[in-house]
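Please look through the sequence and the model below before reading on. The paragraphs that follow lead from an open space in the protein to its sheets, and from there to single residues.

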Amino acid sequence: MLKRSICIFPSFENIKEIESIRAKYDPLYKLIPPHITLVFPFESDISKEKLLQHIRNVLINETPFKITLQGITGADERYLFLGVKSGNDEIIKLHDKLYTGLLKKHHYRNISYIPHITVGQLETKNEFNKVVEDTINYNSVFNAEVSQIIVELIDNGDRSSVEFYYNL
């Protein structure tokens with residue numbers, strides 16, 4: 001069984017700002033680059049060829065689009081998210097299309113999908129509240145064009161590696 005996810009790895013000119021926040025607050029900082037998850041980690045024995053064919057079939061008419069992210073918010077008294085300000089609808093459309101057919105059984109619908117980049121995971125409620133307050137004035141803007149999605153393999157140590165790219 002392979003563990004995979006499908007993500008967008010945006011290419012921001014000022015990505016070092018995101019990396020500096022993640023270096024402080026995100027334990028996955030060294031394991032995976034800043035990303036927007038489209039299909040959350042799942043285990044399956046789906047072949048690379050079948051997965052690629054599924055992606056081609058459902059995303060055939062999708063084209064590159066622009067995104068803007070800005071502002072840090074908290075979630076579940078544990079996570080810090082960099083929010084999507086534009087491009088949200090397009091990201092949700094990719095997410096919804098990918099979770100059809102071959103991947104439908106992996107769709108965890110108990111939580112609403114909100115596109116974001118995770119920039120922190122805190123251990124305690126006090127630490128979380130302090131960091132949310134400390135980042136209240138963080139207003140850098142991040143712009144990129146989404147022109148491809150990435151299927152990644154995730155090893156037992158949660159380290160990410162690219163299995164293949166799909167160009168929109």
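**From a pocket to the sheets around it**

The largest pocket is lined by 36 residues, and those that lie nearest its centre are Thr37, Phe40, Pro41, His116 and Thr118. A pocket is defined on a 1 Å grid over the protein atoms alone as an open set of points, where a 1.4 Å probe fits, with protein on both sides within 12 Å along at least five of seven lines, and lining residues have an atom within 4 Å of a point. The elements that give two or more residues to this lining are strand 1 (2–8), strand 2 (36–44), strand 4 (79–86), strand 5 (116–121) and strand 7 (148–154). Strands here are DSSP runs of E with at least two residues, helices are DSSP runs of H or I with at least four residues, and both are numbered from the N terminus. The space in the largest pocket comes to about 1000 Å³, where a volume is the space filled by probe spheres set on the points, with grid points joined across faces, edges and corners. By residue type, the lining divides into 19 nonpolar, 10 polar and 7 charged residues; Ala, Val, Leu, Ile, Met, Phe, Trp, Tyr, Cys and Pro count as nonpolar, Asp, Glu, Lys and Arg as charged, and the others, Gly among them, as polar.

A word on the source is needed here: this is a predicted model, in which local features need pLDDT of at least 70 and side-chain atom pairs count only at pLDDT 80 or more, while totals for chains, interfaces and linings use all residues. Residues are numbered from 1 along each chain as its sequence is written, and side-chain values use heavy atoms, with hydrogens and water left out.

Turn now to the sheets. Strands of a sheet pair through backbone hydrogen bonds, either parallel or antiparallel. In this account two strands pair if DSSP finds at least two bridges between them. One open sheet has 4 strands in the order 2-1-7-8, with antiparallel pairing. Strand 2 and strand 8 (160–167) are its edge strands, each pairing on one side only, and the twist averages 20° from one strand to the next. Strand 1 and strand 2 run antiparallel and are joined by 6 bridges; Ile8, for example, has Ile36 in strand 2 as its bridge partner. Helix 2 (residues 48–59) packs on this sheet, where it touches strand 1, strand 7 and strand 8, and its direction makes about 40° with that of strand 8. Such angles run from 0 to 180 degrees between N-to-C directions, with axes fitted to C-alpha atoms, for helices over the stretch in contact, and contact means heavy atoms within 4.5 Å.

The other open sheet to follow has 4 strands in the order 5-4-3-6, again with antiparallel pairing. Strand 5 and strand 6 (141–146) stand at its edges with a single partner strand each, so one side of each is left without a neighbour in the sheet. The twist here averages 30° from one strand to the next. Helix 3 (residues 88–98) packs on this sheet, touching strand 3 (65–75) and strand 4, and its direction makes about 90° with that of strand 3. Helix 4 (residues 125–134) lies across strand 3 and strand 4 and runs at about 35° to strand 4. Within the sheet, 5 bridges join the antiparallel strand 4 and strand 5, and Leu80 has Gly120 in strand 5 as its bridge partner. Strand 3 pairs with strand 6 in the antiparallel sense over 6 bridges, with Thr68 opposite Asn143 in strand 6.

Strand 3 and strand 4 form a hairpin with 3 residues between them. Most residues other than glycine have a negative phi. In the turn, however, Asp76 has a positive phi of about 55°, and Glu77, found in the loop between strand 3 and strand 4, has a positive phi of about 50° although it is not a glycine. Asp76 counts as exposed at 68% relative accessibility, whereas Glu77 counts as partly exposed at 43%; exposed means over 50% relative accessible area, buried under 20% and partly exposed in between (1.4 Å probe, protein chains only).

A last residue to find is Leu122, in the loop between strand 5 and helix 4. At 2% relative accessibility Leu122 counts as buried, and, leaving aside its neighbours within four places in sequence, Leu122 is in contact with Tyr25, Arg78, Leu80, Glu127, Phe128 and Val131.
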